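Welcome, and thank you for opening the viewer. Let us take a walk through this model together, one selection at a time.

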Amino acid sequence: MAVVGNRRADCEGCGRTVSREESTTVTMPNGDEVVCCPDCEPHARAAVRTGTAFDQRRATCDGCTGRYLAAELEDVILDDGTALTCCPSCLAQAPDPDGDDDRSDPDGGGPIGSRTASHTSTSDPDTDHDRCRQCHERVVEERFRVTTIDGRTERLCSDCTADAEERGIVADVAMRRTRAREVLGVDADASDEAIREAFHRQVKRAHPDRQSGSQSAFTLVTDAYERLREED
């Protein structure tokens, strides 16, 4: 456990630094005491009950680029000596050590034969079938961009977003781009100019000084426009 000035400690589950007041010490079955942040404490106590390992640290899969528990990832060495760290799904698509590399990416991306051939989506992120960063399930809908109270940004499905909000670990949930387009009344392929024109029309109607407008409507239209101006 790392302690900074005796006032802060590193969570031994996720590695996040928290104040001593926020941290909790849990005694594991082997007698070791681990320091946990509020988010990792339930996982530590579950590990005590089930006798499983306690480690919530996450790392990136070199295949799909998703974030997974480090313990779930495995290393694979390709024929050219390249070392990849893969999640279970991508590991199953990696070239066979015996030379059978005809197993293809289920999404049509071909076999994972090198870092350049790994899952790297170039399609519209709003319609791309991607994984929730929490439950790792592939979702068709646009994921929510969630900022947690410790400053992390995660892309979550609806259920995981609601769960995170109930747990009180969410600082902000950005408006989804699909919702922003609905507010402005533009299509997914609308140009920047078309979006600006739609914004000017809608914001005039929504302005609080007009009979048809209100502060809440004005804020909604403005937020939608700002969301569509962002890169992601």
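Before selecting anything, one term: a residue is buried under 20% relative accessible area, exposed over 50%, and partly exposed in between, with a 1.4 Å probe and protein chains only. This is a predicted model, in which local features need pLDDT of at least 70 and side-chain atom pairs count only at pLDDT 80 or more, while totals for chains, interfaces and linings use all residues. Residues are numbered from 1 along each chain as its sequence is written, and side-chain values use heavy atoms, with hydrogens and water left out.

**The whole chain**

Start with a cartoon view. You will find six helices and 14 strands; helices (H or I, at least four residues) and strands (E, at least two) are DSSP runs, numbered from the N terminus. Of the 232 residues in the chain, 35% are buried. Contact on this tour means heavy atoms within 4.5 Å. Take the contacts between residues at least 6 apart in sequence: 34% of them join residues at least 24 apart.

**Stop one: Pro38**

Select Pro38, in the loop between strand 5 (33-36) and helix 1 (41-50). Is Pro38 buried, exposed or partly exposed? Its relative accessible area is 38%, so Pro38 is partly exposed. Now add Ser23: it sits 15 residues from Pro38 along the chain, and their C-alpha atoms are separated by 6.5 Å. Show Arg16 and Glu22 too, since Pro38 touches both, not counting residues up to four places away in sequence.

**Stop two: His136**

Move on to the loop between strand 10 (130-131) and strand 11 (138-139), where His136 lies. Its relative accessibility is 14%, so His136 counts as buried. Check the backbone here: phi of His136 is near 65°, a positive value in a residue other than glycine. For background, most residues other than glycine have a negative phi.

**Stop three: helix 5 against helix 6**

Two packed helices are described by the angle between their axes and the distance between the axes. Colour helix 5 (192-206) and helix 6 (residues 215-229). How do their axes cross, and within what distance do they come? They come within 8 Å and cross at roughly 170°. Axes here are lines fitted to C-alpha atoms, for helices over the stretch in contact, and angles run from 0 to 180 degrees between N-to-C directions. That angle makes helix 5 roughly antiparallel to helix 6; angles under 35 degrees count as roughly parallel, over 145 as roughly antiparallel, 65 to 115 as roughly perpendicular and the rest as oblique.

Show side chains to see the contact. Helix 5 brings Ile195, Arg196, Phe199, Gln202, Val203 and Ala206, and helix 6 brings Ala217, Phe218, Val221, Thr222, Tyr225 and Leu228. These residues divide into nine nonpolar, two polar and one charged. In this scheme Ala, Val, Leu, Ile, Met, Phe, Trp, Tyr, Cys and Pro count as nonpolar, Asp, Glu, Lys and Arg as charged, and the others, Gly among them, as polar.

**Stop four: helix 4 against helix 6**

Keep helix 6 and add helix 4 (residues 177-184): the two axes come within 9 Å and cross at roughly 130°. That makes helix 4 oblique to helix 6. From helix 4, Arg177, Arg179, Ala180, Arg181, Val183 and Leu184 meet Leu220, Val221, Ala224, Tyr225, Arg227 and Leu228 in helix 6. This contact has eight nonpolar, no polar and four charged residues.

Zoom in on Ala224 of helix 6. With a relative accessible area of 0%, Ala224 is buried. Leaving aside its neighbours within four places in sequence, Ala224 is in contact with Met175, Ala180, Val183 and Leu184.

**Stop five: the cores**

A nonpolar core is a set of buried Ala, Val, Leu, Ile, Met, Phe, Trp, Tyr and Cys residues joined through side-chain atoms within 4.5 Å. Select Leu184, Val186, Ile195, Phe199, Val221, Ala224 and Leu228, the residues with the most contacts inside the largest core, which has 14 residues. Helix 4, helix 5 and helix 6 each give two or more residues to this core, and helix 5 provides the largest share, five residues. For a second, separate core of eleven residues, select Cys11, Met28, Cys40 and Phe54, which are among its members.

**Last stop: Glu230**

Finish in the segment after helix 6, where Glu230 is found. Glu230 is partly exposed, at 32% relative accessible area. Leaving aside neighbours within four places in sequence, Glu230 is in contact with Arg145 and Arg177. Glu230 and Arg177 are 53 residues apart in sequence and 9.5 Å apart in space, C-alpha to C-alpha.
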